[in-house]
Amino acid sequence: MMRIAKFLKFEAFFVVARYSWEQEKAVVYLNPEFAKKAGIKSDDVVLITKGERSLKFRAKLLETAPENGGLIPNSIFANYLLDFQNFKKFNAYVEIVEGEESKAEEVIRRITEKK
Amino acid sequence: MPLTPMEIYKLLPKTNCKKCGEQTCMSFAFKLLNREKKLEDCKPLFEEKKYEVQLKKLREILKPLEKATETGLIVKSELCNGCGNCIVACPVHVEKDPHGAGIGRGPRIRDPIYRIENGKLVIVNMHLCRRYGKNRILCVVCRENCPTDAISFLEG
Amino acid sequence: MICTGCSCLCEDIEIQDSKILNACEKGYKHISRFKESKAKNRVYGKEVDLDKAIESAVEILKSAKSPAIYGLDTTTVEAQRIAVKIAEKLNGYIDDNSSFCLGEFVEAILRKKIPSATLDEVRDYAYVLVYWGTNPYHSIPRHMSKFTYYPRGKKRNRGYDEDRFLVVIDVRRSETAKLAKKNAKFIKVEDDLELVDSFERALEGKAPKYDVAEIAREMKKADFNAIFGGLGLKYGLRGNYEKFFSFLNKANKFAPLYFIPAGFHSNMRGFNETLFEEVGEVNKFSFIEKRSDPNFSFPELLKNKKIDVALIVGTDPMSSLPFDVSEKLYEIKKVVLDPRETFTAKNAEVSISSAFSGIECGGEMVRSDGVRVKLEPIEKAEIDDVYILRRILEGL
Ligand code: SF4
Ligand code: SF4
Ligand code: SF4
Ligand code: SF4
């Protein structure tokens with residue numbers, strides 16, 4: 001079944017912070033209220049787009065995530081989207097997509113291929 | 001959701017037949033929750049076929065009891081990162097281990113209630129806990145100070 | 001043993017029947033996994049022995065026009081000292097992660113611009129505890145249970161709910177914020193500078209914008225209060241450090257208020273102190289120009305194409321720096337010294353396998369509050385950062 005939210009992009013506020021679990025994977029912890037609004041369920045794969053760069057994350061729900069968005073653990077994935085002006089928090093778009101979350105090797109490839 | 005004696009009571013035979021050694025089914029429900037009695041002690045439940053469905057349901061709702069310790073305490077390891085708040089906040093540790101857990105260090109007494117093993121909270125000696133035994137009190141200090149709700153109690 | 005998982009450097013870790021006791025999960029993973037995914041000695045992708053790897057490292061460093069040394073936050077003070085000598089010898093730059101972490105705060109403490117204290121003093125005496133822009137639960141997990149909020153101290157022996165007043169400042173209701181219940185306050189901050197203003201006004205008895213009057217009153221009641229500042233505070237100040245420092249000093253006219261950086265890599269403060277002793281600056285230093293400058297931070301040097309070679313010690317910039325910086329790593333030659341096979345090590349011109357400080361080799365580190373700690377390793381590796389760096393220095 002197709003969900004309507006599939007076609008919608010939501011603007012969201014993200015915090016980048018240390019998190020005890022799953023730094024090795026591309027996981028975004030969404031505020032449950034926000035996720036509901038955006039039609040995102042736990043374990044959906046979402047595309048987060050900031051400026052020219054985007055990356056796929058596995059979505060999880062977390063009460064302590066900021067209200068209008070989520071928390072991305074401090075990781076290679078967060079850093080791919082970041083710059084020093086927006087080192088701890090930034091706004092980006094989030095939408096549900098097909099497929100799997102991005103892998104670290106893929107990010108490294110993007111770093112190394114852009115000469 | 002914490003389990004209540006009422007929920008257990010509703011599924012018992014409610015005949016107050018006293019075969020379990022209790023005066024009423026309600027008091028049996030209480031003891032069941034406190035793990036002072038076992039479900040098997042209610043003979044009619046097992047002997048009479050008409051209780052089959054109820055028995056099945058009872059077994060289901062009592063499942064968490066198996067995981068819980070004698071004080072009704074459950075630790076969800078996957079939510080614990082070993083911060084130690086619960087260990088240091090526990091009033092029993094403060095009293096019995098003033099040079100260890102009481103001042104923030106790893107426990108120094110032989111059998112603390114809790115300690116952190118391989119990064120996770122484990123229960124070493126529940127007998128020291130204030131929720132244990134005849135004069136128990138419903139202490140919730142450790143649960144209250146766990147930032148991820150990794151600690152819960154059966155009776156709420 | 002001492003855990004080197006973060007700058008708390010917990011000293012009560014025990015190993016019993018192959019179980020690691022007392023370390024938090026972060027520390028447990030750090031200690032228990034030191035044998036996994038070890039780095040290899042490699043030169044241009046080919047595995048070589050240690051001598052060859054060091055030889056190639058020396059060659060690359062010698063031929064550099066403008067080299068930088070970077071990282072050093074998870075190694076020992078002894079290794080940091082040699083690294084400074086190498087940078088001096090090469091006439092290069094030296095920097096660690098503190099330039100985009102809490103370096104400014106450590107610098108202010110070392111220059112005695114702001115009052116600071118030790119965590120042991122906090123445990124014994126502190127009343128109001130402010131966690132500002134940090135969520136210790138995840139970054140420095142035992143900070144609150146070991147040093148600040150929960151432990152009983154000499155003058156604070158009645159327990160956290162009576163003898164401490166907890167303040168948590170964050171943009172979201174974090175795990176730590178959830179603990180701010182009785183005798184406590186959570187402030188959801190949108191503008192950190194405005195919040196600094198509010199604190200100043202409240203202490204002076206004027207009406208503040210943020211609801212901090214109660215906190216100011218509590219501070220005035222006590223003879224010891226502390227702020228633990230994290231990255232949220234740093235980036236929230238948007239460069240206006242002086243405003244924050246002057247607030248700290250003004251506040252001290254009303255009530256003693258100490259600042260302690262909330263925490264970071266195990267020996268980041270050690271790097272700041274070591275460099276400060278040697279050259280009088282805490283980071284982003286150029287030995288050619290003999291000064292520190294924002295433009296000399298490792299990320300800026302990369303972005304502005306100011307360096308051609310980097311000696312990277314114990315850090316993985318390819319995964320820990322923002323993309324617009326990490327992509328530039330490809331334009332320079334990298335010599336990487338790390339016990340672990342990191343992304344940067346895999347992609348380096350020269351990779352040298354080292355030992356985990358505190359686990360496989362000893363030395364000294366500096367806790368987030370400046371207390372020096374002697375490491376108690378459980379193994380004795382012959383080849384560690386000190387050994388390798390010394391040989392590189394000799395080779396030069
Ligand atoms: S044996 Fe069962 S039915 Fe009889 S009183 Fe006890 S609980 Fe009730
Ligand atoms: S319930 Fe109370 S006494 Fe028992 S472990 Fe928790 S804090 Fe300690
Ligand atoms: S407070 Fe919670 S997370 Fe911390 S050690 Fe105890 S159970 Fe684990
Ligand atoms: S708080 Fe830091 S130093 Fe202490 S055990 Fe955890 S990771 Fe190790």
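A crossing of two helices is called right-handed if the near helix is turned clockwise from the far one by less than a right angle. In this predicted model, that is the sense in which α3(C) passes α14(C). Two packed helices are described by the angle between their axes and the distance between the axes. Here helix α3 (residues 77-90) and helix α14 (residues 268-279), both of chain C, pack at about 45 degrees, and their axes lie 10 Å apart. The two helices α3(C) and α14(C) are therefore oblique to each other. On the α3(C) side, the contact is made by C:V77, C:Q80, C:R81 and C:V84, while α14(C) brings C:G270, C:F271, C:T274, C:L275, C:E277 and C:E278. Sorted by class, this contact of α3(C) with α14(C) comprises 4 nonpolar, 3 polar and 3 charged residues.

Chain C also supplies the surroundings of ligand 4. The residues around this ligand are C:C3, C:G5, C:C6, C:C8, C:L9, C:C10, C:A23, C:C24, C:G27, C:P141 and C:R142. By class, the shell around ligand 4 holds 8 nonpolar residues, 2 polar ones and 1 charged one.

Turning to aromatic rings, the structure contains 30 aromatic pairs over all chains. One of them joins A:Y19 and A:Y29: the ring centres are 4.4 Å apart and the planes stand at 40 degrees, so the pair is tilted. This pair links distant parts of the chain, with the two positions 10 residues apart in numbering. A:Y19 sits in the loop between β1 (10-17) and β2 (27-30) of chain A, whereas A:Y29 belongs to strand β2 of chain A.

How values were computed: Residues are numbered from 1 along each chain as its sequence is written. Chains are lettered from A and ligands numbered from 1 in the order in which they are written. This is a predicted model: local features need pLDDT of at least 70, side-chain atom pairs count only at pLDDT 80 or more; totals for chains, interfaces and linings use all residues. Side-chain values use heavy atoms; hydrogens and water are left out. A residue is near a molecule or strand if one of its heavy atoms lies within 4 Å of it. Ala, Val, Leu, Ile, Met, Phe, Trp, Tyr, Cys and Pro count as nonpolar, Asp, Glu, Lys and Arg as charged, and the others, Gly among them, as polar. Axes are lines fitted to C-alpha atoms, for helices over the stretch in contact, and angles run from 0 to 180 degrees between N-to-C directions. Helices (H or I, at least four residues) and strands (E, at least two) are DSSP runs, numbered from the N terminus. Angles under 35 degrees count as roughly parallel, over 145 as roughly antiparallel, 65 to 115 as roughly perpendicular and the rest as oblique. Contact means heavy atoms within 4.5 Å. Rings of Phe, Tyr and Trp (its six-membered ring) pair if their centres lie within 6.5 Å; planes under 30 degrees apart count as stacked, over 60 as edge-to-face and the rest as tilted.
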